Amino acid sequence: MKILIKSLLLSLVTTLTFGQNDLINDALLPLDESDRAAATVLAFNEAGNTYTAKRGTNNYVCLADDPKKDGFSVACYHKELDAFMARGRELKLEGKGFKEIFDTRENEVKAGTLFMPDKASTLYILSGKTKEDANLRWVVYIPFATSESTGLPLKPLVPGGPWIMDPGTHRAHIMITPPSN
């Protein structure tokens with residue numbers, strides 16, 4: 001009986017470990033291979049909160065696919081964006097919508113109660129209906145930048161070309177989305 005219980009426990013631990021490894025490996029996909037081993041990975045628990053699935057040592061934090069959402073979406077960002085990203089997740093869990101989250105973070109950044117880097121910081125997003133058809137896009141946050149201050153257009157001039165989104169706000173960012181195949 002003891003052998004059977006030990007065998008079942010070992011099987012369960014092995015299954016959970018492989019599932020966790022897949023979750024971690026998927027979360028790291030947006031990063032260059034050379035950055036993956038040292039990145040931190042956050043995953044979602046049943047309540048929708050994040051937990052640290054893998055502690056890293058470099059400048060990247062990666063967010064695993066949320067199993068409660070349709071499709072596939074993983075993201076990695078510079079660790080200086082962590083407070084901003086965590087605050088967005090927190091407000092979303094409170095049931096806030098996009099506009100309320102945007103306005104709350106805007107006010108908190110302006111008040112100095114929410115840290116937002118004063119230099120460019122990048123977010124990498126790999127998303128699609130499935131992992132196999134996912135596309136990568138880049139978001140380079142440049143808080144309070146405008147089209148005038150950067151020379152970037154307000155929409156892409158060519159497919160896949162960079163443009164500035166949310167200009168003049170805490171969430172101003174350069175969008176780079178490669179054209180779909």
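## A walk along strand 1

Start by selecting strand 1 together with strand 3 (residues 60-63): the two pair in the parallel sense, over three bridges. Keep in mind that this is a predicted model.

Zoom in on the pairing. Click Thr40 and look across to strand 3, where Val61 stands opposite. Now click Leu42, which has Leu63 opposite it in strand 3.

Next, add helix 3 (residues 82-93) to your selection. Helix 3 packs on the sheet. Among the strands it touches are strand 1, strand 2 and strand 3, along with strand 4 (72-78). If you look down on the helix and strand 4 together, their directions make an angle of about 145°.

Swing round to the other neighbour of strand 1. Strand 2 pairs with strand 1 too, this time in the antiparallel sense and over four bridges. Pick Leu42 again: its bridge partner in strand 2 is Thr52. To see how the chain gets from strand 1 to strand 2, follow the hairpin, which has five residues between the strands. Stop at Gly48 in that hairpin, which takes a positive phi near 95°.

Time to zoom out. Show the whole sheet: eight strands form an open sheet, in the order 2-1-3-4-5-6-8-7, and the pairing is mixed. Look for the edges at strand 2 (50-54) and strand 7 (163-165), each of which pairs on one side only. Let your eye travel across the sheet and you'll see a twist that averages 25° from one strand to the next.

Back to strand 1, now with side chains switched on. Which way do they point? Thr40, Leu42 and Phe44 go one way, while Val41 and Ala43 go the other way. Is strand 1 enclosed or open? Five of its five residues are buried, so strand 1 is largely enclosed by the rest of the structure.

For the last stop, select Thr40, which is found in strand 1 (residues 40-44). Its relative accessible area is 15%, and because buried means under 20%, Thr40 counts as buried. What does Thr40 touch? Leaving out residues up to four places away in sequence, you'll find Thr52, Lys54, Arg55, Gly56, Tyr60, Val61 and Cys62. Finish by drawing a distance from the side chain of Thr40 to Gly56: a polar atom of that side chain lies 2.9 Å from the backbone nitrogen of Gly56.

Note on methods
Residues are numbered from 1 along each chain as its sequence is written. This is a predicted model: local features need pLDDT of at least 70, side-chain atom pairs count only at pLDDT 80 or more; totals for chains, interfaces and linings use all residues. Side-chain values use heavy atoms; hydrogens and water are left out. Buried means under 20% relative accessible area, exposed over 50%, partly exposed in between (1.4 Å probe, protein chains only). A polar contact is a pair of N or O atoms within 3.5 Å; within protein, one must be able to donate a hydrogen and the other to accept it, and residues adjacent in sequence count only if both atoms are side-chain atoms. Contact means heavy atoms within 4.5 Å. Two strands pair if DSSP finds at least two bridges between them. Axes are lines fitted to C-alpha atoms, for helices over the stretch in contact, and angles run from 0 to 180 degrees between N-to-C directions.
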